[in-house]
Amino acid sequence: PQNFIGDAKSPDRSPNESGGEDNEEDGKRRRSSLELSVEVLPRVDILKEKSKKILKKQNTVADLTQKTLQSFATFDENSKKRGSGMSILKLIDKKRNKGRDSGAELHDILAALKPSEFRDTYLMSFKNLHWKDLFDKPDLESEAACAARSKEASSSPSRVDSRFADLPEKERLRREAVWELFKSELVFLIDYLMVLKHCFLEPLKKLQVDGHLMFVEPEDLFGNIDELCYVSYTFSRDLISTLCKEAKRGQFGTTSGLLKAFKRWSLSSKDGEVFHNYCLNYHCAITYLEILRRQEQFSEFEKRCEVDPRCHRLQITDLLVAPMQHCTKMPLLLAQIRKYTSEDCNKAMLTESLKRVENSLKSLEDKLKWLRNFERLQNIQQQLIWPPITELETKAFIPDFLKSSLSCQPCEKLIANPKRQLIHEGLLSLVETNRSTEVYCFLFDDILLLTKVKKPPKKRSVNESSSVYSMSPTDGALFVVYRQPIALDRFSIHDIGYVEANANGLKHAFVLIHISRFQQIIGVYTLQSAGDQQKLAWLDSLRQSQQRFQEKLKCKLAMTVAANSPRTNTHRRLMSKMQRMQMREQQRQRHQQQQQPARRRSGGSGKDVPISASASKAGIESSNCEDINEEDENEDDAKTDLLDDDDDDDYEDDDDADDATGDDVDEDEGDDESDGAAALSTEDVVRHRKHRQ
C-alpha cells in the first residue's frame, strides 16, 4: 500500500504499475521527458526530418520494382509448394459443393418448418353442409354445433327432407343457386387462396427471415394475394351470417340479404379493382415463375410445398390462375339466381347488381387488352431498326459536324405510345420491277409500317406453342424499316381483280398508292399475300382502320373549331339580335301612329270635325287589318325568339357547325324581315293617303 500510494503521488511512476527495476527505468524516462519539456519542439523537427528521409528512400521507382519482383517470387514459390494452386475448376467445384451444402441445409429447414393453417373452424364447417341443414338447429352459429353438424353431414348420405316437399320448384332452384354462390366462394377461399398463402407464401417468408431464397420477390410472384384473401373472407362471412339469420326466421336467400352482402363486397374490393390488379399482374407472375424455376433452391422449395396434402395434387400454376377464373364465374351465378327470382322488383335489383359486376369485368377485359397491346408495342419497338439518313439518301452531302447527330433517327421510340393500338400484322411480298421482297407489315390505328426481315424469328418448341402465354410471332426477330411510315389518310387502296391478276401474273395482290399532303404521288406499293383469306383480312383491316382514323380527324377538327371560334359566333348572334330589336321598335312606333284616330281640326278653333260614316267605316276596317298584321308580326317575333333560344342551346352544346349555319339562316331571315318591313311601310303610306283622300 505504501508503494502504491508513493507511486500515485510521485510523477515518475504510473499508478497501474508495481515497483521494480522496470519501474525505475520507466520513471527515469518519464523524468527526462518532464525535465526536457522545453525541448519538445526541436525533437518534433528531428522526427520530421527523419520521416522525410525514410519517405525519400521508400518511394523510389527502383524500390517499387524490387518489391513487386520480390512479391512475384514469393508467389511463385508458394504456388510451387502448394502444387497447382487455386485453379478455375477447383473454384467451380467449391461453388458446387457450397450449393449442395446450402441445398441440404434448405431441405433440413423445410423439413423442420411448422406449417401455418387457416384456423376459422366455423367457416370451414359449412364446406360439407347443404342449405337444408341450416334449418335443423337454431344454435347453428356456434362453432361446436357447426363442427358436429359438418361431421354428421359428411358421414351420413344425402336424404330428402319432408319439410321442403311442398316448396315450389322455382323457389327450390333459387335456393340451390344461392347456396352454390356461397359454396363457390368458400371453396375458392379455402382450397385456393389459403393454400397459396399458407403452403407457399408463408414458408417463403420464413425462409427469407433465415437468409434463404433472398432472390425471390413474393409480391412479383403472388401479387396482392393478401387483399384477395380479405375480400373473399369478408364476403363469405357476411353471406353465411345473413343466411343463418334468415334460416331462423324460416327464410333463405332473400334478395335484400344478397344485395347487402354484395354491397360490402363492392366496398372491400373497390368495385373489383382488387381482382383487376391481380389479373393484370398474372402474366408477369407466370413469366417470373419460369425464371425462378431455373434456380435449384426454388425448384426444391416448390417441390417440397406441392407435397403438402392441402394442395390436393395441384401445382402452383393451377393455384395462381384460380382468381382469374373465379372473377368470371360470379356474374354467371348471379344470373342464375335472377333467373329463378319471381318478383319483378327483386329481379330489377339483381339486374342492377349484375350490371355492376359485368361492367367491372368489361373494364378488366379492356385493361388486359390495353396491357397486351402495349407490351406488344414495346417488343416491336425493340425489334425495329431505323436506317439513318446516310443509308436512305446515299447521294446527300452531310457536313462533318452534323454526321454524329444525324447518325441515328429521332423516331426510334415512336412506336411504344400508350394511345397507339396494333390492328394487324403479317408477312407480305413487295413486288418490285426485277424481284419480289418479303416484308413484314405492321398496321396500327394511325400509321402503316413496312419493314424488311433482317433476322427471322426463333422457332418455337411444342411446349412453348401449346402454352397459354406463348411467345409473340416475331420473338427474336429484327426488322429494318422500309422507307417511312405511311399515315392512314395518305394512301388509297386498289384491289387487283381476278382478270387483272391473271393478265399481270399477280395473284392475291393489292396496290397502295402513297399521296403526300400536297396531293403528290410519292410511292406505289404492290403487295401480294399468300392466299385469298389473308388478302381479304388485310383489305378489311386497312379500310376499317382508315375509316376510324378519318372519323377521329373530323372530331379533332370540330373540337379545334369549337375552341377557336366562340367570339365570332357570339358577336354574330348579338348583331343579329340587335337588328331584330331595332326592326321591332320601328314596327311598334309605326303601329302606334296608325292607331291614332284621324281627326280634322279647325284652323285654330281647337274643335274636332266629325268624320263621315264611310270614312269611319274604312278607318275601322283599316285598323282591324292592322291589328291582324300586328298579331302575325308578334307570332313571327315569337318564332324567331324560339329559334334564337334553340341556337343558344346548340351553341352551349359546342355544335359550332350548326351554329354557323344557324347564324347564316338568321342573317338571311333578318334581311328578309327588313325588306318586308320596308314593303309594309310603303303600302301603309299609300293606303293611308287613299283613306285621307
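Two strands count as paired if DSSP finds at least two bridges between them. Strands here are DSSP runs of E of at least two residues, helices are runs of H or I of at least four residues, and both are numbered from the N terminus. What you're looking at is a predicted model, with local features needing pLDDT of at least 70, side-chain atom pairs counting only at pLDDT 80 or more, and totals for chains, interfaces and linings using all residues. Residues are numbered from 1 along each chain as its sequence is written, and side-chain values use heavy atoms, with hydrogens and water left out.

**View 1. Strands β3 and β4 make a hairpin.**
There are 2 residues between the two strands. β3 covers residues 436-444 and runs antiparallel to β4, with 5 bridges joining them. To find your place, look for Val439, whose bridge partner in β4 is Lys452.

**View 2. β4 also pairs with β5 and β6.**
β4 (residues 447-455) is joined to β5 by 4 bridges, and the two run antiparallel. Here Lys455 has Leu478 of β5 as its bridge partner. Strand β6 (residues 486-487) pairs with β4 over 2 bridges, again in the antiparallel sense. In that pairing, Leu448 is matched with Ile486 of β6.

**View 3. β5 has a covered face and an uncovered one.**
In a regular strand the side chains alternate between the two faces of the sheet. In β5 (residues 478-481), Phe479 and Val481 are on the covered face, while Leu478 and Val480 are on the uncovered one. β5 also runs parallel to strand β1 (residues 384-385), with 2 bridges between them. Leu384 has Phe479 as its bridge partner in β5.

**View 4. Helix α8 bends at Met194.**
α8 takes in residues 169-209, 41 in total, and reaches 57 Å from its first C-alpha to its last. That's close to the 60 Å expected at 1.5 Å a residue, where the expected span is 1.5 Å times one less than the number of residues. The bend at Met194 is about 40°, taken as the angle between axes fitted to the seven residues ending there and the seven starting there. Just after α8, Gly211 takes a positive phi of about 100°.

**View 5. Helices α10 and α12 meet side chain to side chain or backbone through named residues.**Glu227, Leu228 and Val231 in α10 meet Val274, Phe275 and Tyr278 in α12, where contact means heavy atoms within 4.5 Å. The axes of α10 (residues 225-248) and α12 (residues 273-292) come within 10 Å and cross at roughly 145°. Axes are lines fitted to C-alpha atoms, for helices over the stretch in contact, and angles run from 0 to 180 degrees between N-to-C directions.

How values were computed. Buried < 20%, exposed > 50% of the residue type's maximum accessible area, 1.4 Å probe, protein only.
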